[in-house]
Amino acid sequence: MSIALNVVLYQAGWLACVLGAARGAPWLGLAAAVPIVAWHLLRAKRPAPEALLLLAAAIFGAVFETQLVQLDWVRYPLDSWPAGLAPAWMVALWTLFGTTLNVSMRFLRERPWLAVLLGGIAAPAAYYAGARAGALELAVPAAALAAIAAGWALCTPLLLQLGKRLDGYAQP
């Protein structure tokens, strides 16, 4: 899969998830994520380990996002998901992020400090953009963005290393 196409598909999925949630249609993000993830797995040389990586990203994301909700740093006002849990569209975003680990973000594996920096800066920017679009609320913006930065600064290099072990795009 080309790196550029991986980036474009991730960004399209991000937009569908965030704008769908902001417009009261969180299913739109899921509808976009499913074919992107399926296509990603179909293109993998070894789909089984790649699927495990995507599952791990989804589980990590569900736990992380639920913690943000439980601590009342992030709120999802338009979501009909059970209160206190991360919404499905947000877990779909984490799964979509997983599709980048062994393709467009592969170069970060050997640059852990750059992965920390990227996760710590890009993630809060994305959440801020999502809040501005109306998909979520940052209850205490400074605290929420600091927690998001710290969490993503940690999870980005960790998920990249897991991707190295579960690389479905490497030559068998």
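Colleague: What is the relative accessible area of Arg-75, and how is the residue classed?

Modeller: This is a predicted model, in which local features need pLDDT of at least 70, side-chain atom pairs count only at pLDDT 80 or more, and totals for chains, interfaces and linings use all residues. Residues are numbered from 1 along each chain as its sequence is written, and side-chain values use heavy atoms, with hydrogens and water left out. A residue is buried under 20% relative accessible area, exposed over 50% and partly exposed in between, for a 1.4 Å probe and protein chains only. Arg-75 is partly exposed because its relative accessible area is 36%.

Colleague: What N to O distance is found in the salt bridge of Arg-75 and Glu-137?

Modeller: A salt bridge requires a side-chain nitrogen of Lys or Arg within 4 Å of a carboxyl oxygen of Asp or Glu. Glu-137, the partner here, counts as partly exposed, at 35% relative accessibility. Between the side chains of Arg-75 and Glu-137, the N to O distance is 4.0 Å.

Colleague: How many residues apart in sequence are the parts that this salt bridge of Arg-75 and Glu-137 ties together?

Modeller: Helices (H or I, at least four residues) and strands (E, at least two) are DSSP runs, numbered from the N terminus. The side chains of Arg-75 and Glu-137 meet in the salt bridge. Arg-75 belongs to strand β1 and Glu-137 to strand β2 (residues 137-138), so the separation of the joined parts in sequence is 62 residues.

Colleague: Which residue is linked with Arg-75 and Glu-137 in a network of salt bridges?

Modeller: The residue in question sits in the loop between α3 and β1 (74-75). Its phi is near 60 degrees, a positive value in a residue other than glycine. At 36% relative accessibility it counts as partly exposed. The residue that shares the network with Arg-75 and Glu-137 is Asp-72.

Colleague: How many salt bridges does the structure hold?

Modeller: One of them joins Arg-75 and Glu-137. Another joins the side chains of Asp-167 and Arg-106, at 2.8 Å from N to O. The total for the structure is five.

Colleague: Which residue, itself buried, forms a salt bridge with Asp-167?

Modeller: Asp-167 is buried, with a relative accessible area of 3%. Arg-106, which also meets Asp-167 in a salt bridge, does not fit the description because it counts as partly exposed, at 28% relative accessibility. The other bridge has its closest N and O atoms 2.8 Å apart, and its two residues are both buried, namely Asp-167 and Arg-109.

Colleague: How many residues apart in sequence are the parts tied together by Asp-167 and Arg-109?

Modeller: Asp-167 and Arg-109 form a salt bridge. Asp-167 is placed in the segment after α6 and Arg-109 in the loop between α4 and α5, so the tie spans a sequence separation of 58 residues.

Colleague: Among the five aromatic pairs, how is the pair of Phe-60 and Trp-94 classed?

Modeller: Aromatic rings of Phe, Tyr and Trp (its six-membered ring) pair if their centres lie within 6.5 Å; planes under 30 degrees apart count as stacked, over 60 as edge-to-face and the rest as tilted. The structure holds five such pairs. For Phe-60 and Trp-94 the centres are 5.7 Å apart and the planes stand at 45 degrees, so the class is tilted.

Colleague: Which of the two residues, Phe-60 or Trp-94, is buried?

Modeller: Phe-60 has a relative accessible area of 32% and is therefore partly exposed. The value of 1% marks as buried the residue Trp-94.

Colleague: Which helix supplies the largest share of the largest nonpolar core?

Modeller: A nonpolar core is a set of buried Ala, Val, Leu, Ile, Met, Phe, Trp, Tyr and Cys residues joined through side-chain atoms within 4.5 Å. The largest one has 40 residues, and those with the most contacts inside it are Trp-89, Tyr-127 and Trp-152. Helices α1 (3-22), α2 (27-43), α3, α4, α5 (112-133) and α6 (141-165) each supply at least two residues of this core. The largest share, eight residues, comes from α4.

Colleague: Which residue forms one aromatic cluster with Phe-60, Phe-64, Trp-94 and Phe-97?

Modeller: Leaving aside neighbours within four places in sequence, this residue is in contact (heavy atoms within 4.5 Å) with residues including Phe-64, Trp-94 and Phe-97. The cluster is completed by Trp-152.
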